[in-house]
Amino acid sequence: HRGWLWVGHITGIDVYQPENGRFVAAESLGFSIPKSSYGGYILTDLPNGNICALTNNAPSKAFFFHPADATGKGRLDSLQLADTAPNQGGKPSYFTNLFLSKNETLYVGTDAGLYRIEHTAKPYKLNEVALSGIKVQLLGEDDTGRIWVQTNEGLRAIEKGSLLPQKIPI
C-alpha cells in the first residue's frame, strides 16, 4: 500500500490508490474502525507497512491496521488511551496529534502530555515521555533529529537521544 494516501474525516477513512486513480473506503480493505465523533482521525503510515489511526471517541483509541498478507486477510489491533477527564492526574483523555520521527519513534500528543507508542512488537504500549498535564498542540522534527513540541505553555525541544523535552525561551 505504499504510495496510497489515507484521508481521515468525520465519517470515516478513505484511501486514494494511484494505481486505480480513485478513492475507496478503507472499510472495503478490511480497515473498519468506529466512526470518530471528535475531529475525525489522525493517521500515519508506519515503516513496517502498517497504518496507525487515532480516534477520539469515548474512549480514545489507537488502531493499527496490518494490510492483507498472502492469505488475503488484514488484521486490526487497538490500544486504548486512558478514559479520564483531561488533566486529572496527568492522564490523557484525547489525542491532539501523531508524529513519526526519522528514527521511527511514534510520538503521540494528548491533552495531558507527550507519549510514545511502542509499535514494533505486541503488546503495543503507550509510554509517557514527559509534560504531564500539559496539552501538546504540535509536533515536528528538524534536520538534526531534534523533536519540537509546541504546548499550551510554550515551545519545547527533545534533543536526539534524549527523552526529556527542554523548554525553549522565545
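Modeller: A strand here is a DSSP run of E with at least two residues, and strands are numbered from the N terminus. The model under discussion is a predicted one.

Colleague: In which strand is the place of threonine 151?

Modeller: Strands are counted from the N terminus. On that numbering, threonine 151 belongs to strand 13.

Colleague: Is threonine 151 buried or exposed, and at what relative accessibility?

Modeller: The cut-off for buried is under 20% relative accessible area. Threonine 151 falls under it and therefore counts as buried, its relative accessibility being 4%.

Colleague: Which backbone atom does the side chain of threonine 151 reach?

Modeller: Not counting residues up to four places away in sequence, threonine 151 touches several residues, including Leu131, Ile134 and Arg156. Its side chain also makes an approach at 2.9 Å. The atom reached is the backbone nitrogen of glutamate 153.

Colleague: Why does aspartate 142 count as buried?

Modeller: Aspartate 142 is found in the loop between strand 12 (136-141) and strand 13 (147-151). Buried requires a value under 20%. Aspartate 142 counts as buried because its relative accessibility is 19%.

Colleague: With which side chain does aspartate 142 share a polar contact of 2.9 Å?

Modeller: Leaving aside neighbours within four places in sequence, aspartate 142 is in contact with Lys102 and Trp148. The polar contact of 2.9 Å joins the side chain of aspartate 142 to that of tryptophan 148.

Colleague: Which strands stand at the edges of the open sheet with the order 1-2-3?

Modeller: This sheet has 3 strands with antiparallel pairing. Two of them have a single partner strand each, so one side of each lacks a neighbour in the sheet. Neighbouring strands of the sheet are turned by 30° against each other on average, direction ignored. The edge strands are strand 1 (5-9) and strand 3 (22-25).

Colleague: Which residue of strand 3 stands opposite glutamine 17?

Modeller: Strand 2 (residues 12-17) pairs with strand 3 in the antiparallel sense over 4 bridges. Opposite glutamine 17 in strand 3 is arginine 22.

Colleague: How many helices and strands does the protein have?

Modeller: Of the 170 residues of the protein, 42% count as buried. The accessible surface comes to about 8700 Å², with 51% belonging to carbon and sulfur atoms. The secondary structure comes to 0 helices and 15 strands.

Colleague: Among contacts with a separation of 6 or more, what share joins residues 24 or more positions apart?

Modeller: Contact means heavy atoms within 4.5 Å. Among such contacts with a separation of 6 or more, the share for residues 24 or more positions apart is 34%.

Definitions and conventions: Residues numbered from 1 in each chain as written. Predicted model: local features only at pLDDT ≥ 70, side-chain atom pairs only at ≥ 80, totals over all residues. Heavy atoms only, no water. Pairing = 2+ DSSP bridges. Axes fitted to C-alpha atoms, helices over the stretch in contact; angles between N-to-C directions. Buried < 20%, exposed > 50% of the residue type's maximum accessible area, 1.4 Å probe, protein only. Polar contact = N/O pair within 3.5 Å; in protein donor to acceptor, adjacent residues only side chain to side chain. Areas by Shrake-Rupley, 256 points an atom, 1.4 Å probe, with all protein chains shown as cover.
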